[in-house]
Amino acid sequence: MLRFDDRVAIITGAGHGLGRAHALLLAERGAKVVVNDLGGALDGTGASAGPAAEVVELITKNGGQAIANADNVATPEGAGAIVQAALDAFGRVDIVVNNAGILRDRSFGKMTVEEFDAVLAVHVRGSYLVSRAAYPHMKEAGYGRLVNTSSPAGLFGNFGQANYSTAKMGLVGLTKTLGIEGARNGIKANAIAPVAWTRMTESLLPAEFEARFTPERVSALVAYLVHESCEASGEVFSVGGGRVARVFVAEGPGWRSDEPTPEDISDNWAAIMAEQPYVLTAADSMKAML
Ligand code: NAI
């Protein structure tokens with residue numbers, strides 16, 4: 001059984017949905033958990049200490065250890081306070097699951113700059129800021145596990161979600177670089193692109209998804225990724241309804257010329273668009289160009 005005794009985990013946005021399920025699972029397996037949640041509405045407005053406190057109550061009732069925190073991940077002060085809460089209560093931080101998120105959906109032409117910025121602030125800045133605050137402590141310990149929460153909407157695009165998909169693909173870049181930089185200090189970073197029935201998706205998904213796409217079916221992967229036995233880093237996983245699959249960035253064999261003209265590009269479009277074989281890293285891509 002994969003256990004987390006003596007490990008301290010911060011889960012952001014853990015008052016509802018996916019984060020709540022991650023927090024319950026890690027606590028059940030021995031982790032000391034900081035349950036962070038600002039407690040606002042789906043669009044990020046408002047705040048309440050209630051949701052985080054309720055999850056902590058449940059964990060404690062089941063014999064686990066947890067503290068509640070209602071700070072905002074999107075400000076340096078808030079992110080710093082979340083990590084400080086872990087240090088004050090439990091003396092260390094081994095695990096960060098960046099899960100907090102909001103939606104401000106609108107088609108690209110109608111989306112306001114404020115709606116764009118608000119979504120990037122929580123998902124991208126929030127994940128960056130909480131990881132940044134935890135990083136020196138992980139580095140000092142020579143150990144850390146980070147999970148960022150991307151989305152199929154980011155990997156593949158989705159109508160009405162220009163802000164959200166920009167943010168979610170941004171987290172893939174952050175995860176890949178953290179995976180590279182963290183390697184020398186025992187820090188692993190991975191991302192998930194989940195599908196689950198939560199307040200964020202209940203009005204979008206068909207009703208029969210509720211029983212199949214439970215948050216718990218996503219949390220199993222998250223728990224594995226933040227366990228000390230997990231060797232993966234810089235990876236992205238599609239996860240939902242009990243299925244887990246690696247997602248990777250691919251590059252085709254390509255086409256080249258010493259002096260390519262726009263007409264050459266047009267004439268060789270089929271070769272440029274060819275899909276096999278896959279190229280997985282920046283180094284592989286450079287090798288193909290050379
Ligand atoms: P949810 O709305 O139930 O949970 C998100 C939580 O984040 C809420 O409890 C909210 O209060 C909290 N939060 C929002 N802004 C915050 C802030 N600034 N600081 C601290 N906490 C904040 O939604 P769900 O579905 O559980 O989402 C969790 C994560 O999974 C999000 O990042 C979401 O974008 C992502 N996701 C969910 C999918 C799904 O199918 N449910 C699909 C793809 C991604």
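**Figure 1. Asparagine 99 in the loop between β4 and α4.** In this predicted model, asparagine 99 lies in the loop that joins β4 (95–98) to α4. Helices (H or I, at least four residues) and strands (E, at least two) are DSSP runs, numbered from the N terminus. Asparagine 99 is buried, with a relative accessible area of 11%. Buried means under 20% relative accessible area, exposed means over 50%, and partly exposed is in between (1.4 Å probe, protein chains only). A polar atom of the asparagine 99 side chain lies 3.0 Å from the backbone oxygen of glycine 13. This is a polar contact, that is, a pair of N or O atoms within 3.5 Å; within protein, one must be able to donate a hydrogen and the other to accept it, and residues adjacent in sequence count only if both atoms are side-chain atoms. Residues are numbered from 1 along each chain as its sequence is written, and side-chain values use heavy atoms, with hydrogens and water left out. Because the model is predicted, local features need pLDDT of at least 70 and side-chain atom pairs count only at pLDDT 80 or more, while totals for chains, interfaces and linings use all residues.

**Figure 2. The shell around the ligand.** The ligand is surrounded by 31 residues, and the closest are Asp37, Asn72, Asn99, Tyr164 and Thr198. A residue belongs here if one of its heavy atoms lies within 4 Å of the ligand. Twelve residues of the shell are nonpolar, 15 are polar and four are charged. In this division Ala, Val, Leu, Ile, Met, Phe, Trp, Tyr, Cys and Pro count as nonpolar, Asp, Glu, Lys and Arg as charged, and the others, Gly among them, as polar. At least two shell residues come from each of α1 (17–28), α4 (113–141), α6 (162–182) and β6 (187–195).

**Figure 3. Polar atoms beside ligand oxygens.** A polar backbone atom of leucine 18 is 2.8 Å from an oxygen atom of the ligand. Two side chains also take part: a polar atom of lysine 168 lies 3.0 Å from a ligand oxygen, and one of arginine 199 lies 2.8 Å from a ligand oxygen. The ligand taken alone exposes 820 Å², of which the protein buries 98%. These areas come from the Shrake-Rupley method with a 1.4 Å probe.

**Figure 4. Lysine 188 in strand β6.** Lysine 188 is part of strand β6. Is lysine 188 buried or exposed? At 18% relative accessibility, lysine 188 counts as buried. Its C-alpha atom is 9.8 Å from that of isoleucine 95, although the two residues are 93 apart along the chain.

**Figure 5. Aspartate 6 before β1.** Aspartate 6 lies in the segment that precedes β1 (8–11). Aspartate 6 is not a glycine, yet its phi is positive, at about 70 degrees. Most residues other than glycine have a negative phi. With 58% relative accessibility, aspartate 6 counts as exposed.

**Figure 6. Alanine 220 and alanine 232.** Alanine 220 is found in helix α8 (residues 216–225) and is partly exposed, with a relative accessible area of 47%. The C-alpha atoms of alanine 220 and alanine 133 are 26 Å apart, with their positions 87 residues apart along the chain. Alanine 232 lies in the loop between α8 and β7 (236–240) and is partly exposed at 23% relative accessibility. The C-alpha atoms of alanine 232 and asparagine 190, 42 residues apart along the chain, are separated by 7.4 Å.

**Figure 7. Aspartate 264 in helix α9.** Helix α9 (residues 262–267) contains aspartate 264. Aspartate 264 is partly exposed, with a relative accessible area of 21%. Between the C-alpha atoms of aspartate 264 and asparagine 158, 106 residues apart along the chain, the separation is 32 Å.
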